[in-house]
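Reader: Hi! Could you walk me through this one before I set anything up?
Author: Happy to, here it is.

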Amino acid sequence: MSGTDMAFSGQAITGTASASPAGLRPVLLPWLAGPAWLAAALVTHYWPDADDFPDTNLLAILFGVVGIALLIGAALRLLTVRAPWLIVLGLGLGAWEIAQAKLIALPRPFFGTPQDLLDVFITDWHRLGLSLLHSLGLLAVGYAAGSLSGIAVGIGLGRSKRFRYWTHPILRAIGPLPPVALLPLAFVLIPSSWLAGEALMALASGFPAAILTWSGIAAVDPAYYDVARTMGARERFLTFRVALPAAMPQIFVGLFMGLGASFAMLIVAEMLGVKAGLGFYMQWAQGWAAYPNMYAALFVMSAMCTGLITLLFRVRDRILVWQKDGLKW
Amino acid sequence: MVTPSPGNGLALSLSGIRHGYTIGGDFTAVVSGVTLNVAAGEFVALLGPSGCGKSTLLRLVAGLEPPHDGEILADGLPVHGPDPDRILMFQDPTLYPWRNVRQNVALSQDISGKRDNAAIDQVLSLVGLNGFERAWPHQLSGGMAQRAALARALINRPKLLLLDEPLGKLDALTRLTMQTELHRLWKERGFTAIMVTHDVEEALFLATRIVTLSTRPARILSDIQVDLPFHRHRDDPQVLQLRRDILTQLGHRDDW
Ligand SMILES: Nc1ncnc2c1ncn2[C@@H]1O[C@H](COP(=O)(O)OP(=O)(O)OP(=O)(O)O)[C@@H](O)[C@H]1O
Ligand SMILES: [Mg+2]
């Protein structure tokens, strides 16, 4: 019965929407984002907490400020595409607040409240920030070194028979090994844990970069070389101005895979040996059963990873403007 | 015979050229004993059936591959490899997709390290591509891509221009315009040209000499001097007679 009802109402809704193309939804939706957040603010403020949580009022104010900002945004017609997401986000945060802070539906302390998370950012932002910076520094050095040498090795594999003869077996032996497996050995053999972490991160990002640079160069249409050769191009030009740009789309695939691998390597290295960074922070939080801190660290980590991936996509879009269509991040 | 401006062209001599490829484990002869002497400044049209080895012959002359047998001399010196004096315009445009039209045309200048923007502008307007300088190759039509490739071949004033069906993808009218441009350029610069074409009229309009090739493996069937003054008319009785002769050579006596 209810199934047919739903089907019927669904039909009715589609019918209305198609009848008025510039109808209710696109006009009204942006105006719902602000109220969703304001509702979350009111619930947070007026419904008493089930326990003694920190910063409840601050959280209510924060929700309220976002709600008002969204109303202004709707008035300025800034919200169109993102409105549905902003509504769901506001409602979701409100629901979380009700479930955990007002009703304690899930066991504490493993599941925290929104205000617990906010409190971590207020009281511990300094250490979180330093951990983030440390992780970024560690990642930047290892990833850059690994990617650059990976591309260099890939060029060698693609363009030089002798280089391929000597390097290919080594690559086949070491490459498929998860770099994490080398971690215990690296911490013993390399006196500085920082250096060991960097070396493994370079390995993690270098392998995919090398393989995909190589396969990209191997797939270059030989006619491209002929065109340049008939105009007098030498090996240097053929490698850096023909093979390399032609292989660029593949190289970026390798750089993405390498970035993912070095994220994993970064966190593991920080948890196991390097005594700083977001991984270490998480490890510490777990040791002290500080679950809100763990969630906060996860949040920062996710922001860092997606931010870096976005950055890489931006660089790629700049370099590969000539491509007909690229995947958008 | 026409006397072009001296010194800009290159004399070419092919003697006993043989070449072949291994396809699927079997050796296939592609060029079998081609001997041909081309004086500086001549415009030779190469005609022959599809797959007979015309493109292969041009690759050998360009120095992209050494022939299995025989010798190629450019101005008396053996050809050992590619040289910017002998530019080959390929049958496919093969523009670099990561370079826009202007950058593609400037390729040989990038290789030699000598940028000359005026020359780029000039050759772009010659092929009628001004306004498309910043277009990417995938945004061009087939004919536009071919004109861009022609511009890329013309830009650095080679002494020998090897053209592999340079106007094959153009519509009939653009083709006429480009033939006129090509003729004007050849008169003006005096380079030596070898042009593969499937179009007998085009050969008769442009060439001082028409060489027909057999089916694979390519041999020279006939070598015809076109001793007609330029501004040849397509319906000139002498042109029509030559055309009939050449089509007969290629085995199409009854078709016209
Ligand atoms: N790289 C290669 N490897 C193997 N075989 C080749 C190669 N290049 C050309 N061939 C063979 O040589 C023969 C002649 O090819 P070519 O491209 O010279 O013909 P063509 O006269 O230019 O034909 P078309 O008029 O169709 O362009 C063909 O049978 C082809 O299969
Ligand atoms: Mg051909």
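Reader: Let's begin with the metal. Which atoms coordinate the magnesium ion?
Author: The magnesium ion, ligand 2, is coordinated by OG of B:Ser55 and OE1 of B:Gln91, at 1.9 to 2.2 Å. Donors here are N, O and S atoms within 2.8 Å of the metal (3.2 Å for Na, K and Ca), and water is not among the atoms, so sites may look incomplete.

Reader: And where do B:Ser55 and B:Gln91 sit in the chain?
Author: The pair links distant parts of the chain, 36 residues apart. B:Ser55 is in helix 1 of chain B, while B:Gln91 is in the loop between strand 6 (86-89) and helix 2 (101-105) of chain B. Helices (H or I, at least four residues) and strands (E, at least two) are DSSP runs, numbered from the N terminus.

Reader: Good. Before I go on, what should I know about the model and its conventions?
Author: This is a predicted model, where local features need pLDDT of at least 70 and side-chain atom pairs count only at pLDDT 80 or more, while totals for chains, interfaces and linings use all residues. Residues are numbered from 1 along each chain as its sequence is written, chains are lettered from A and ligands numbered from 1 in the order in which they are written, and side-chain values use heavy atoms, with hydrogens and water left out.

Reader: Thanks! Is B:Ser55 buried or exposed?
Author: In between: B:Ser55 counts as partly exposed because its relative accessibility is 27%. B:Gln91 is also partly exposed, with a relative accessible area of 33%. Buried means under 20% relative accessible area, exposed over 50%, and partly exposed in between, using a 1.4 Å probe and protein chains only.

Reader: On to ligand 1. How many residues surround it, and which are the closest?
Author: Ligand 1 has 14 residues around it, and the closest are B:Ser50, B:Gly51, B:Lys54, B:Ser55 and B:Thr56. A residue is near a molecule if one of its heavy atoms lies within 4 Å of it.

Reader: What's the mix by class in that shell?
Author: The shell has four nonpolar, seven polar and three charged residues. Ala, Val, Leu, Ile, Met, Phe, Trp, Tyr, Cys and Pro count as nonpolar, Asp, Glu, Lys and Arg as charged, and the others, Gly among them, as polar.

Reader: Which side chains have an N or O atom paired with an oxygen atom of ligand 1?
Author: B:Ser50 has one at 2.7 Å, B:Thr56 at 2.6 Å and B:Arg216 at 3.4 Å. A polar contact is a pair of N or O atoms within 3.5 Å; within protein, one must be able to donate a hydrogen and the other to accept it, and residues adjacent in sequence count only if both atoms are side-chain atoms.

Reader: How much of ligand 1 does the protein cover?
Author: The protein covers 67% of the 630 Å² of accessible area that ligand 1 has on its own. Those areas come from the Shrake-Rupley method with a 1.4 Å probe; for residues, only the protein chains shown count as cover.

Reader: Which elements give two or more residues to the shell?
Author: Strand 1 (12-23) and helix 1 (54-62) of chain B do. Helix 1 of chain B gives the largest share, three residues.

Reader: You mentioned B:Arg216. What kind of peptide bond joins B:Arg216 and B:Pro217?
Author: That one is a cis peptide bond, with omega about -10°. B:Pro217 is found in the loop between strand 9 (209-213) and strand 10 (220-225) of chain B.

Reader: Any odd phi angles I should check?
Author: B:Thr94 is not a glycine, yet has a positive phi of about 40°. B:Thr94 lies in the loop between strand 6 and helix 2 of chain B, and counts as buried at 13% relative accessibility. In chain A, A:Asp55 has a positive phi of about 60° although it is not a glycine. A:Asp55 is in the loop between helix 2 (24-46) and helix 3 (56-75) of chain A.

Reader: Last topic, annotations. What does UniProt list for chain B?
Author: An unreviewed UniProt entry places "domain: ABC transporter" at residues 12-240 of chain B. That span is 31% helix and 28% strand. For chain A, the unreviewed entry lists "domain: ABC transmembrane type-1" at residues 132-313, a span that is 85% helix and 0% strand. UniProt positions are given in the numbering used here, feature names are shortened, and annotations may be inferred rather than shown by experiment.
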